Amino acid sequence: MLLADCQARLAFDLLANTWNAVVVCALRHGPRRPGELRAQIGGISPKVLTETLRRLEFNGLVVRRAYAEAPPRVEYELTELGQSLLGPIQAVGTWAFDHAEDVLAAQDRWEESLAGP
């Protein structure tokens, strides 16, 4: 049984948000500034990126480093815990690549069944 407070639910919740996995993958090669992340990811707004980085930091997956420079510079980097999530994310990505056509075909069959004869 998957209770609301079980460890499996915690992991599923971390991966349920699309941007969490995308940002973790974008940080796999080392520290990045927010502007670099937005350019690398594409399609993510500054607000959503900030919210995602804060969520990842809250969960111990990312560390934020602020540098006292002019202008101020901030970088984000995966923690050891964040790096440990790369394998599971890659496994899900591999599954999606291998089975995307099957899932899309199932969706088409389902929609056709609703349309009737």
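Buried residues make up 24% of the 117 residues in this protein chain, where buried means under 20% relative accessible area, exposed over 50% and partly exposed in between (1.4 Å probe, protein chains only). This is a predicted model, in which local features need pLDDT of at least 70 and side-chain atom pairs count only at pLDDT 80 or more, while totals for chains, interfaces and linings use all residues. Residues are numbered from 1 along each chain as its sequence is written, and side-chain values use heavy atoms, with hydrogens and water left out.

**Exercise 1. Work out the order of the elements in the chain, and find how its radius of gyration stands against the globule rule.**

Step 1. Start with the count: the protein chain has six helices and two strands. Helices (H or I, at least four residues) and strands (E, at least two) are DSSP runs, numbered from the N terminus.

Step 2. Reading from the N terminus, the order is α-α-α-α-β-β-α-α.

Step 3. Now for the spread. The radius of gyration is 18 Å, well over the 13 Å that the globule rule gives for 117 residues, so the chain is more spread out than a compact globule. Here the radius is taken over C-alpha atoms, and the rule is 2.2 Å times the number of residues to the power 0.38.

Step 4. Add the outline: along the principal axes, the C-alpha atoms fill a box of roughly 70 × 35 × 25 Å.

**Exercise 2. Find which residues have the most contacts inside the largest nonpolar core, and which elements build this core.**

Step 1. Recall that a nonpolar core is a set of buried Ala, Val, Leu, Ile, Met, Phe, Trp, Tyr and Cys residues joined through side-chain atoms within 4.5 Å.

Step 2. The largest such core has 20 residues, and Val 23, Leu 27, Leu 37 and Leu 53 have the most contacts inside it.

Step 3. Two or more residues come from each of helix 2, helix 3, helix 4, strand 2 and helix 6. Helix 2 gives the most, with four residues.

Step 4. Look along helix 2 (residues 18-26): Asn 20, Ala 21, Val 23, Val 24 and Ala 26 are buried there. Their cover includes helix 1 (7-16), helix 3 (34-41), helix 4, strand 2 (73-78), helix 5 (80-84) and helix 6 (86-115).

Step 5. Check two residues for contacts (heavy atoms within 4.5 Å). Leaving aside neighbours within four places in sequence, Leu 53 touches Val 23, Leu 27, Leu 37 and Tyr 76. With the same neighbours set aside, Thr 52 is in contact with Trp 19, Asn 20 and Val 23. Thr 52 lies in helix 4 and is buried, at 0% relative accessibility.

**Exercise 3. Locate the salt bridges of Lys 47 and Arg 73, and say which residues form one network.**

Step 1. A salt bridge is a side-chain nitrogen of Lys or Arg within 4 Å of a carboxyl oxygen of Asp or Glu. The structure holds four of them.

Step 2. Lys 47 pairs with Glu 51 at 3.5 Å, N to O. These two are four residues apart in helix 4 (residues 46-58), which separates them by about one helical turn. Lys 47 is exposed, at 59% relative accessibility, whereas Glu 51 is partly exposed, at 37%.

Step 3. Turn to Arg 73. Its side chain meets that of Glu 69 at 3.0 Å, N to O, and Arg 73 also bridges to Glu 75, with the closest N and O atoms 2.9 Å apart. Glu 75 and Arg 73 are both buried, while Glu 69 is partly exposed at 39%.

Step 4. Through shared partners, Glu 69, Arg 73 and Glu 75 join into one network.

**Exercise 4. Describe two loop residues, Leu 61 and Pro 71.**

Step 1. Leu 61 sits in the loop between helix 4 and strand 1 (62-67). At 4% relative accessibility, Leu 61 counts as buried.

Step 2. Leaving aside neighbours within four places in sequence, the contacts of Leu 61 include Leu 14, Leu 56, Glu 77 and Leu 85. The C-alpha atoms of Leu 61 and Gln 83 are separated by 7.6 Å, though the residues are 22 apart along the chain.

Step 3. Pro 71 belongs to the loop between strand 1 and strand 2. A cis peptide bond joins Ala 70 and Pro 71, with omega about -5 degrees.
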